[in-house]
Amino acid sequence: MVSSGLQDVIEFCEQVNPEVLQEMRRAPFTGTRRIQESWVATAEKRALLRLAERTPDWIGPDHLTVLGLLAQIGAGLGYALARSEKYALLGVIACLALNWLGDSLDGTLARVRQRLRPRYGFYVDHMVDSFGALALMGGLAMSGYMHPGIAIGLLIAFLLLSIQSYLATHTLGEFRLSFWRFGPTELRILLAAGNVALFWRPTVHFIGREYRLFDVGGTIGLIGMAMMLVFFTAQNTIRLYGQEKISR
């Protein structure tokens, strides 16, 4: 919400120098508060800082972003191949680890080297996440280990949570990287553990019936993501309504 005093300054700049106005509108983005409250956030941050300090100079943040995308596409291909060869699941675990490295280290490396490009990084990183999620869920849908409808539902829930997060970044100045202590790293760990479990027991018994392990896990994940979406959408709506009350 823009105060009346700041609004006057913006209107003045618009009349005198449009370039100054453009920079003023960009500036608030750099002050966005990052909210990372996941279970492994503290340990992960320490590890990423150590990795960034030891990363060779010829490797840049963009290289890591590309690595993260290619690794997630590789994970999706691995799931698709696992339909006929279950050992492809081991390749998926390796791809998930590389995806973590690329997706998590690129921003840390930029901050350590003082080569920040906030708007560029925000846009590219999250478009990459969207394409990567499409590849991963597409692979799961073709794997035979998860019903395609559940995989599609998870993709839709992920994209809706992402939209919610991006809108909150713009309207509230808060970029949330985790929901209820769960972030991308925790999800990768759960997915990797699920892959290991598939080797030993791809199905589970529940209420007298047998189900695919990933169908059960995917359904639980889908319910959890739906609850997060409803909760944070309602919470942010109430906050914004309170900040922009209309006087009568």
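In this predicted model, the protein chain has an accessible surface of about 15,500 Å², and carbon and sulfur atoms account for 66% of that area. Of its 248 residues, 36% count as buried. The chain contains nine helices and four strands, which follow one another along the sequence in the pattern α-α-β-α-α-α-α-α-β-α-β-β-α. Contacts often reach across the sequence: among those between residues at least 6 apart, 75% join residues at least 24 apart.

A good place to begin looking is the pairing of two helices, H4 (residues 61-81) and H6 (residues 118-143), whose axes come within 6 Å and cross at roughly 10 degrees. Because angles under 35 degrees count as roughly parallel, H4 is described as roughly parallel to H6. On the H4 side, the residues that meet H6 include Asp62, Leu69, Ile73, Gly76 and Tyr79. Their counterparts in H6 include Tyr120, Val124, Phe131, Gly132, Leu136 and Leu140.

Helix H7 (residues 148-172) offers a view of the surface, with Ile152 among its residues. Ile152 has a relative accessible area of 48% and is therefore partly exposed, since that term covers values between 20% and 50%. Together with Ile156, Leu160, Ile163 and Leu167, Ile152 forms a nonpolar patch on the surface, and these residues share about 460 Å² of accessible area.

Leu159 also lies in helix H7. With a relative accessible area of 31%, Leu159 is partly exposed. The C-alpha atom of Leu159 is separated by 9.6 Å from that of Asp129, a residue 30 positions away along the chain.

Technical notes:
Residues are numbered from 1 along each chain as its sequence is written. This is a predicted model: local features need pLDDT of at least 70, side-chain atom pairs count only at pLDDT 80 or more; totals for chains, interfaces and linings use all residues. Side-chain values use heavy atoms; hydrogens and water are left out. Patches are made of residues with over 30% relative accessible area and no salt bridge: like charges are joined within 9 Å, nonpolar side chains (Val, Leu, Ile, Met, Phe, Trp, Tyr) within 5 Å. Accessible areas come from the Shrake-Rupley method with a 1.4 Å probe; for residues, only the protein chains shown count as cover. A salt bridge is a side-chain nitrogen of Lys or Arg within 4 Å of a carboxyl oxygen of Asp or Glu. Buried means under 20% relative accessible area, exposed over 50%, partly exposed in between (1.4 Å probe, protein chains only). Axes are lines fitted to C-alpha atoms, for helices over the stretch in contact, and angles run from 0 to 180 degrees between N-to-C directions. Angles under 35 degrees count as roughly parallel, over 145 as roughly antiparallel, 65 to 115 as roughly perpendicular and the rest as oblique. Contact means heavy atoms within 4.5 Å.
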